[in-house]
Amino acid sequence: MKRYILSLMLILFAVSAYSQVEKNEIRKGNKAFEKEKYQESEIEYRKALLKDSLSLIAKYNLANTLYKTDRAPEAERILAPLQDTVSGNEAAPDFYHNLANFYLVQKKYGEAVEAYKNSLRKRPGDMETKTNLAYAQKMLENQQNQDQNQDQNQNNQNQNNQNQDQNQNDQNQDQNDQNKNNPDNDGKQNNDRNDQNNQNNQNNQNDQNGNGKQQSGNEKISPQAAQQMLRAIDEKEKQTQEKVKKEKALLMKSKQKEKNW
């Protein structure tokens with residue numbers, strides 16, 4: 001809090017040439033600010049701005065009050081446009097330090113780093129500003145790494161999605177190619193079944209015609225088989241002749257008995 005009060009006093013002396021009509025309200029606002037009565041101090045500073053809308057002190061003090069009441073974005077909107085006006089002022093180190101705080105609480109780490117550096121350019125030995133700068137730089141680094149990781153994760157996710165789409169397209173293409181090469185799979189299956197049925201019917205017909213052997217008059221007989229058949233016929237003929245001879249002999253014998261008797 002000492003930084004804020006010191007800044008108020010420095011700016012008060014630095015801009016003494018400004019109109020003094022708002023001094024009373026600013027003084028009341030400062031007293032309320034020191035007592036941490038920020039609502040009252042805000043009212044007084046706004047009264048001062050009603051009397052002099054260009055009052056640098058009223059704007060600076062109002063911005064610090066808003067920051068104390070957790071309204072950093074509003075405080076930034078009031079203070080940031082004053083940088084060119086304050087840059088050559090002896091109160092500039094505190095101005096930039098406080099502006100950097102407004103950025104820091106909003107996680108605008110890049111802007112905070114630059115504001116702390118501007119403060120240190122005006123007052124290089126300020127240890128509090130150096131500490132805050134180191135913290136802001138670390139947070140900026142973490143933020144950049146996080147953003148980079150998120151971008152990488154998003155790229156990986158996009159690549160995965162593309163790979164999945166490509167795989168799906170490849171599968172669809174393979175299926176289309178297969179359909180082109182086999183336009184009627186069902187018909188092929190039916191033909192296969194018909195062929196199988198025809199084969200079964202043919203086998204049954206062969207069985208009926210003689211153990212699966214096709215019967216025709218055009219079969220060829222080997223010489224060995226022909227010889228066997230001739231020998232069988234000769235043997236049969238011999239047997240027949242012998243039988244005839246025996247029957248003739250019996251007949252003659254019968255006749256002889258008849259004769260002798």
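This section describes salt bridges in a predicted model and the accessibility of the residues that form them.

The structure contains 9 salt bridges. One of them joins the side chains of lysine 51 and glutamate 25, with an N to O distance of 2.4 Å. This pair connects distant parts of the chain, since lysine 51 belongs to helix 3 (residues 38-51) and glutamate 25 to helix 2 (residues 23-34), the two residues being 26 residues apart. Lysine 51 is partly exposed, with a relative accessibility of 48%. Glutamate 25, by contrast, has a relative accessibility of 8% and is therefore classed as buried, the cut-off for that class being under 20%.

Two further salt bridges were identified within helix 3. In the one between glutamate 42 and arginine 46, the N to O distance is 3.1 Å; these residues are 4 positions apart in helix 3, about one turn of the helix. Glutamate 42 is buried at 13% relative accessibility, whereas arginine 46, at 34%, is partly exposed.

The other salt bridge pairs lysine 47 with glutamate 44, whose closest N and O atoms lie 3.8 Å apart. Because lysine 47 and glutamate 44 are 3 residues apart in helix 3, about one helical turn separates them. Lysine 47 is partly exposed, at 40% relative accessibility, while glutamate 44 is buried, at 14%. Elsewhere, salt bridges with shared partners join Glu42, Arg46, Arg71 and Glu74 into one network. Glutamate 42 and arginine 46, paired with each other as described above, are thus both members of that network.

Conventions:
Residues numbered from 1 in each chain as written. Predicted model: local features only at pLDDT ≥ 70, side-chain atom pairs only at ≥ 80, totals over all residues. Heavy atoms only, no water. Salt bridge = Lys/Arg side-chain N within 4 Å of Asp/Glu carboxyl O. Buried < 20%, exposed > 50% of the residue type's maximum accessible area, 1.4 Å probe, protein only.
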